[in-house]
Amino acid sequence: MTHVKICGITSFEDGLCAASAGADYLGFIFFKKSPRYIVPEAAGEITSRLTEHLSDSNTPPVSGAESGQTPRYIGVFVNETLEAVEETICRANLDFAQLHGEETPAMLEALRGRGFKALRPTSAAEAEIEAEWYAGLGPRNGPQLLVDAYDPDEYGGTGKRADWNAAAGLGRIYPRLVLAGGLTPKNVVAAVEVVRPWAVDVSSGVEFKPGRKDPDKVREFIISAKGREQQARALNAG
């Protein structure tokens, strides 16, 4: 079953909706220029509340996460220092850091299995070269590498579609590949069929405005990405 990451979470309500519908990962963006930016303290409050709420014995289990428990939390960073990333991981109760800028392999090494690299390649050849640099440094129990759409001015959340053919080539080599970039409830089935990713990542494709998720689109996306066996569970979560 394909894993799902719902990114750009800015509120407890959106996080709970995504988790209850079966998201395996929730993403929080710590890039100040993003319309989905959230401060570490606010993200930490959300993750703490979600963990407590979802762990409560009176709360139905998460319907789609692989373990049936609380989803894992990912922070998205763009060209931050190692110290800032490590501090935010602690403050926001994160499991992993997604490095979405021009970070070096040395920075991933320093994170010691708590980080993975997002690529925004301009070509399949560039994707292959960068993947060789970064893929082996990702966590063993989480995303290994993420492929997003290239944009000369933006670092993600543009709604542009990634190069599915390039991503599919990488997915045949690297088993825990995450596909992002321009995914929506309408095209995620085709994306999964073409790329066969380990996980899919969506942000703007399930929003009614930047930073606010549309619950119906979130549930539809997860149903579509995970397949029919997820349908009844995701609908029940709504």
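## The largest cavity

In this predicted model, the largest cavity encloses about 40 Å³ of space, and the structure holds one cavity of 30 Å³ or more. In general, empty space of this kind is found by rolling a probe the size of a water molecule over the atoms, which shows where room is left.

The largest cavity is lined by Lys5, Tyr25, Ile74, Gln98, Phe116, Pro143, Leu146, Val178, Trp198, Ala199 and Asp201. When these lining residues are sorted by character, eight are nonpolar, one is polar and two are charged. Glutamine belongs to the group counted as polar, whereas lysine and aspartate are counted as charged, so Gln98 is the polar residue of the lining, and Lys5 and Asp201 are the charged ones.

## Strand 4 and its neighbours

One of the residues that line the largest cavity, Gln98, belongs to strand 4, which covers residues 96-99. In a regular strand, the side chains alternate between the two faces of the sheet. Strand 4 shows this arrangement, with Phe96 and Gln98 pointing one way and Ala97 and Leu99 pointing the other way, and all of these residues are buried.

Strand 4 pairs in the parallel sense with strand 3 (residues 72-77), over four bridges, and also in the parallel sense with strand 5, over three bridges. In the pairing with strand 3, Ile74 stands opposite Phe96 of strand 4, and Ile74 is also among the residues that line the largest cavity. In the pairing with strand 5, Leu99 stands opposite Lys117.

The chain connects these strands through helices. Strand 3, helix 3 (residues 82-91) and strand 4 make a right-handed β-α-β unit, and strand 4, helix 4 (residues 105-111) and strand 5 likewise make a right-handed β-α-β unit.

## Two loops with a positive phi

Most residues other than glycine have a negative phi, which makes it useful to look at where a positive value occurs. Asn93 has a positive phi of about 60° although it is not a glycine, and this residue is placed in the loop between helix 3 and strand 4. Because its relative accessible area is 35%, Asn93 counts as partly exposed.

Arg112 also has a positive phi, near 55°, and it too is a residue other than glycine. The loop that holds Arg112 runs between helix 4 and strand 5, and Arg112 is exposed because its relative accessible area is 60%.

## The second largest pocket

About 170 Å³ of space lies in the second largest pocket. Of the 13 residues that line the second largest pocket, Gly101, Glu102, Lys117, Arg120 and Glu130 are the closest to its centre. The elements that give two or more residues to this lining are strand 5 (115-119) and helix 5 (124-134), and helix 5 gives the most, with four residues.

The lining of the second largest pocket divides into six nonpolar, two polar and five charged residues. Lys117, which is among the residues closest to the centre of this pocket, is the residue of strand 5 that stands opposite Leu99.

## Cysteines

A disulfide is a covalent bond between the sulfur atoms of two cysteines. How many disulfides does the structure hold? The number is zero. As for the setting of individual cysteines, Cys17 counts as buried because its relative accessibility is 15%, which falls under the 20% limit, whereas Cys90 is exposed because its relative accessible area is 60%, a value over the limit of 50%.

Methods
Residues numbered from 1 in each chain as written. Predicted model: local features only at pLDDT ≥ 70, side-chain atom pairs only at ≥ 80, totals over all residues. Heavy atoms only, no water. 1 Å grid on protein atoms, 1.4 Å probe; cavity = no way out; pocket = protein on both sides within 12 Å on 5 of 7 lines; lining within 4 Å. Points joined across faces, edges and corners; volume = space filled by probe spheres on them. Buried < 20%, exposed > 50% of the residue type's maximum accessible area, 1.4 Å probe, protein only. Pairing = 2+ DSSP bridges. Right-handed = clockwise from strand over helix to strand, strands pointing away. Disulfide = S-S within 2.5 Å.
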